[in-house]
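Here are my notes on this predicted model, set out as numbered points. Please read them alongside the sequence and the coordinates.

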Amino acid sequence: MTLYLIGIGLADEKDISVKGLEIVKKCDRVYLESYTSLLQCSVSDLEEFYGKKIIIADREMSEQGDEKIIAEAAEKDVAFLIIGDVFSATTHVQLFKLAKENNVKVEVVNNASVLTAVGVVGLELYKYGKVTSIPFIEDHPKLETPYNVYHENLSLGLHTLFLLDLKPFEEKFMAVNSALEILEGIEAQKKEGLISEEMLVVGCARLGCDDFIVKAGSLKELKKFDFGGPLHCLIIPGKMHFIEEEMLELWK
Ligand SMILES: C[S@@+](CC[C@H](N)C(=O)[O-])C[C@H]1O[C@@H](n2cnc3c(N)ncnc32)[C@H](O)[C@@H]1O
């Protein structure tokens, strides 16, 4: 009787690892956490490929339903599927901790994450600073954090990865273009002027998928660029090694 936390990767039903798939097939219950990310396939594609019925865990169910899942895992094998990797940029430590505290056996099966998929851009992963998120401006009209994080990272010469807000149940996903407009509009930035139309930025869409896009260019250029469907993220490079600069040339 075990709780399995399984990363299912970034693109579609076939991104699960062989190990993850074998576990899902033997589980009595399979949950999918789908409020912090998005796959490029439907839940029924997953169900067909896994041969299992999937229960969707929305934010409410996952935060209040953690105890229910732990109670179930004390009696049965339960899989909790997470898009991307299990503990990357999400809050599933809570579920892991609760399992441990209740003496419920818990196992983790890792997978790719947006945090590693950005490696394709060519900026050294070791040289990223703190990762930050850009929320929808209507929810945070006095937004400052993403700009402050960028400022701090830049002062250390580090790259900044911005994850962009999403509300999958409302089919609302922030695009690179809006993220850039939000950053430009932050009050502190208007005073300090650290963000300019000419600065180099990198937009990414659907990393890990066949039709992924990485585009490097000036902020002005990227604000007009069509990245297509979700998910998107944004990078502002810090101090670059010449190999990093050469890699970015590939994406211009
Ligand atoms: C909370 S994070 C996802 C964490 C997930 N567990 C993982 O390991 O990738 C969600 C945000 O990351 C970014 N993101 C996730 N997957 C992406 C992808 N394949 N391509 C571009 N951005 C992505 C988007 O900005 C999205 O709103």
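1. Alanine 205 belongs to strand β10, and it counts as buried because 21 C-beta neighbours fall inside 10 Å, where 20 or more are required. Leaving aside residues up to four places away in sequence, alanine 205 touches Phe212, Ile213, Phe227, Gly228 and His232. One of these contacts, with phenylalanine 227, spans 22 residues in sequence, while the C-alpha atoms of the two residues are 6.2 Å apart in space.

2. An open sheet of 5 strands, with mixed pairing, follows the order β6-β7-β12-β10-β11. Because β6 (132–134) and β11 (213–218) each have a single partner strand, they stand at the edges, and one side of each is left without a neighbour in the sheet. On average, and with direction ignored, neighbouring strands of this sheet are turned by 25° against each other.

3. At the β6 edge, β6 and β7 run parallel and are joined by 3 bridges, and isoleucine 134 stands opposite leucine 164 in β7. Helix α8, residues 176–185, packs on the sheet and touches β6, β7, β10 and β12, its direction making about 45° with that of β12.

4. The ligand is surrounded by 24 residues, of which Gly84, Ser88, Ser113, Val114 and Leu207 are the closest. By class, this shell has 14 nonpolar, 8 polar and 2 charged residues, and at least two shell residues come from each of α6 (114–117), β7 (160–164), β10 (200–205) and β12 (232–236). Since domain 1 (2–112) and domain 2 (115–250) both give residues to the shell, the ligand lies between them.

Conventions
Residues are numbered from 1 along each chain as its sequence is written. This is a predicted model: local features need pLDDT of at least 70, side-chain atom pairs count only at pLDDT 80 or more; totals for chains, interfaces and linings use all residues. A residue is near a molecule or strand if its C-beta atom, placed from the backbone, lies within 6 Å of it. Helices (H or I, at least four residues) and strands (E, at least two) are DSSP runs, numbered from the N terminus. Ala, Val, Leu, Ile, Met, Phe, Trp, Tyr, Cys and Pro count as nonpolar, Asp, Glu, Lys and Arg as charged, and the others, Gly among them, as polar. Domain bounds come from an automatic or database domain assignment. A residue is buried if 20 or more other C-beta atoms lie within 10 Å of its own, exposed if 12 or fewer, and partly exposed in between; C-beta atoms are placed from the backbone. Two residues are in contact if their C-beta atoms, placed from the backbone, lie within 7 Å. Two strands pair if DSSP finds at least two bridges between them. Axes are lines fitted to C-alpha atoms, for helices over the stretch in contact, and angles run from 0 to 180 degrees between N-to-C directions.
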